[in-house]
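Please look through the model below together with these notes. They cover the ligand shell, then the pockets, then the cavities.

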Amino acid sequence: MKKKKNSDAPHIDEHVVDNMGKVMTTNDGVPVFDNNNTLKVGDRGPSLQQDHIFFDKLIHFDRERIPERVVHARGSGAHGVFEASEDLSSITTADFLKKGTKTPVFVRFSTVAGFKGSTDLARDVRGFSVKFYTQEGNYDLVGNNIPVFFIQDAMNFPDVVHAVKPEPNNEIPQAASAHDTFWDFISLMPEAAHMSLWVMSDRAIPRSLRMIEGFGVHTFKFINAEGKSTFVKFHWKPKLGVHSVAWNEAQKISGFDADFHRRDLWDAIENGQFPQWDLGVQLIPEEDEMKFSFDILDPTKIIPEELVPVKIIGTMTLNRNPENFFAETEQAAFDPGRLVPGIDFSDDPLLQGRIFSYMDTQNYRLGGPNFHELPINRPINGKHNNQKDGFSRIDILKGNTSYFPNSQSNGCPYQAMLKGEVGYQTGKQQVDGKKVRARSNSFADHFTQARLFFNSLSAEEQAHVINAFSFELSKVNTEDIRKRELAILNQVDPKLANAIGKNLGLKPAKSLDPLTLQFARQNHPNYPIQPNKPEVEKSAFLSMKVKDNDGSIKSRKIAFFVDDGVSKASVDKLKKNLEKEGAMVVLISSHVGKLKYKEGGEEPIQHTYLTDASVLYDGFYTPDGDSVAKLAQNPDYLQFINEGYRHCKALAFAKSAEQLAAKSFIEKDQGVIFESDPNWINNFIMALKKHRVWERENSRKVPS
Ligand code: HDE
């Protein structure tokens, strides 16, 4: 497919270099005659120090790596466009939010804990960073796929990161929270209870980056033309729905394809299946700041959508893969401090700390203060100021002034206010108080919303949370840590704590561990306090369970088990119906090369029982043909279908292949579909739309 240029972002396109048909040169543009041999004294003699061409090549190579991000090191990016759909003019002056405005964007998704080369399917939060190249400068919405955070104050951030990262003595484990130091920290910080439930839920093991929600997490402010503020929470809602894999599956995907999410995003965009999200906002008038049972400045709290509905204000479409991973995805610098007129910070103490950290980290990671000039970071409307010099300066400033005020350049660049223009305006806010290092009492309820989250999940999702906690805490070596965490979970919900306790051989304590209490009282001396009565006990928006008559199979991957002699008619019949719904069919055979059809004719094939595994697919079909007899003898095939069944996926069998189900551990249910069933194609599609037959999970854990 021919690459589409993103004409919306010419500042990036103009830097794309095409080597096609060009002679190789040094970095100074000198044509290279021989790129195979260093300069030597005789063809068997020592090399010469005057080989400037060789040094030019090696010196660059020696410096190819830059420091990876200290968190969110592993990421995947894509370009796209955001189109605003609502009139928000009474609430914000933000130009890019004016109805009908189209703004180019670059998005980077990431995991948090793992190193740059770690697996995509780690149990972890996903970063969801969006850079809007607006006409009023760049705006970065640097969020996550989980709406709350572990900690309330930025001061604890390096600690929570050190705790989750590989332990410092042996640098084990990679991209995993299932170890002592993480749970040591979490079990001493009751404020982490809410987020820890989200990370132990299926949200932390997405099926695809195209199927995650995004949240700004903190409360921000919209500012209107009169300078009036409205509090705002940002939400990204994926058009494909929110879906996850099973934990057993996630662990196997990490082995079969550590790039599973990166590949999925790349392939979808290359195939023209552009992922889309609606951008939604929860708007809270300034006067309502203190109206809720929780504090809207506390980043460990959500505002349930039942209290403040999410209003959709636009749609983002990702439609172009980067040309070059390093130049774009790796060098992209996001910063929650990068705001445009009409948007402002709230006083959330976690957000306040972030305002400093990102610019600082980027100055270090990207080698100095000129990272704004890299094509991926450049504002589309240009930048004009008196800042100059520094490592790797790209812009060439004209004239003899680089100060303000000046008369020599007619006072330019001028301040917006001097010509009656509106630049960035901070929302007016009355601030009055003593300087203190302290935490507000309104931040001291740590369990009510953790309970709200757990109560809002389906029975299957709750079971997954219990299993995830049991897995992680079983990997913890220190029993005191397990006990402390169980005591925290007992405050959230005894059902949850007892179920996990059973798996750990421990009875959860009734009250918090004295050590946990000691740490909590450092922030809230009268801890625990009596929490306010919550407005809602359940929120319908927190569960990922697919509702009846909902769901889609667009871009889902369905494996067809074939071999030489398979019936083309049988393959084509289902393939046509699945493709009509937007799904992708992949043929899997015993060899690559050409597949021979029973009816004659051949088809190129690239996937085999050797290269692939059930965990890489959403559903399965075994068509008719002479291939059925071969599959009956193929243990890899049987493993495929057993594992697909164990992971609660839909499986369909053509008539002559129905007997193969009997050779496996598969039992008939609503996700196991036989061609002899009436309406089988429709039933298969319906089962795929449900994403998983989770009900199968507990009763049918089959060997695979
Ligand atoms: Fe970040 N975070 N963070 N963070 N964060 C970084 O910035 C930091 C927090 C988030 O795709 C770093 O350029 C502090 C919350 C994303 O490039 C660093 C605190 C949320 C990304 C940093 C937080 C995030 C980062 C590392 C607490 C969700 C990836 C490299 C005060 C709303 C951006 C970099 C990308 C990256 C600091 C907390 C999201 C070190 C100090 C809460 C998505 O600056």
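1. Helix 9 provides the largest share of the shell around the ligand, with six residues. Helices here are DSSP runs of H or I with at least four residues, strands are runs of E with at least two, and both are numbered from the N terminus. This is a predicted model, in which local features need pLDDT of at least 70 and side-chain atom pairs count only at pLDDT 80 or more, while totals for chains, interfaces and linings use all residues. Residues are numbered from 1 along each chain as its sequence is written, and side-chain values use heavy atoms, with hydrogens and water left out.

2. Which residues come nearest to the ligand? They are R69, R108, R354, S357 and Y358, out of 24 residues around it; a residue counts as near if one of its heavy atoms lies within 4 Å of the molecule. By class the shell holds 11 nonpolar, 10 polar and three charged residues. In this scheme Ala, Val, Leu, Ile, Met, Phe, Trp, Tyr, Cys and Pro are nonpolar, Asp, Glu, Lys and Arg are charged, and the others, Gly among them, are polar.

3. Three side chains have an N or O atom close enough to the ligand for a polar contact, a pair of N or O atoms within 3.5 Å. For R69 the partner is a ligand oxygen at 2.7 Å. For Y358 the partner is a ligand nitrogen, also at 2.7 Å. For Q362 the partner is a ligand oxygen at 3.3 Å. Strand 3 (126–134), strand 4 (137–144) and helix 9 (349–365) are the elements that give two or more residues to the shell.

4. The largest pocket has a volume of about 1900 Å³. Of the 50 residues lining this pocket, N19, N27, H60, F61 and E64 are the closest to its centre. On a 1 Å grid over the protein atoms alone, a pocket is an open set of points with protein on both sides within 12 Å along at least five of seven lines, a cavity is a set where a 1.4 Å probe fits but cannot get out, and lining residues have an atom within 4 Å of a point. Grid points are joined across faces, edges and corners, and a volume is the space filled by probe spheres set on the points.

5. Helix 2 (52–62) gives the most to the lining of the largest pocket, seven residues. Helix 8 (325–330) supplies at least two. The lining divides into 22 nonpolar, 16 polar and 12 charged residues.

6. The second largest pocket holds about 1400 Å³ of space. Its lining has 40 residues, with E136, G382, K383, H384 and N385 closest to the centre. Strand 4 and helix 9 each give two or more residues to this lining, so both elements appear here as well as in the ligand shell. The classes are 15 nonpolar, 15 polar and 10 charged.

7. Seven cavities of 30 Å³ or more are found in the whole structure. The largest has a volume of about 170 Å³ and is lined by 20 residues, of which P147, F215, H235, I302 and E305 lie nearest its centre. Strand 7 (residues 229–238) contributes the largest share of that lining, four residues.

8. The second largest cavity contains about 100 Å³ of space. Among its lining residues are S293, F294, D445 and T448. At least three lining residues come from each of domain 1 (39–377) and domain 2 (441–523), with bounds taken from an automatic or database domain assignment.

Key
A polar contact is a pair of N or O atoms within 3.5 Å; within protein, one must be able to donate a hydrogen and the other to accept it, and residues adjacent in sequence count only if both atoms are side-chain atoms.
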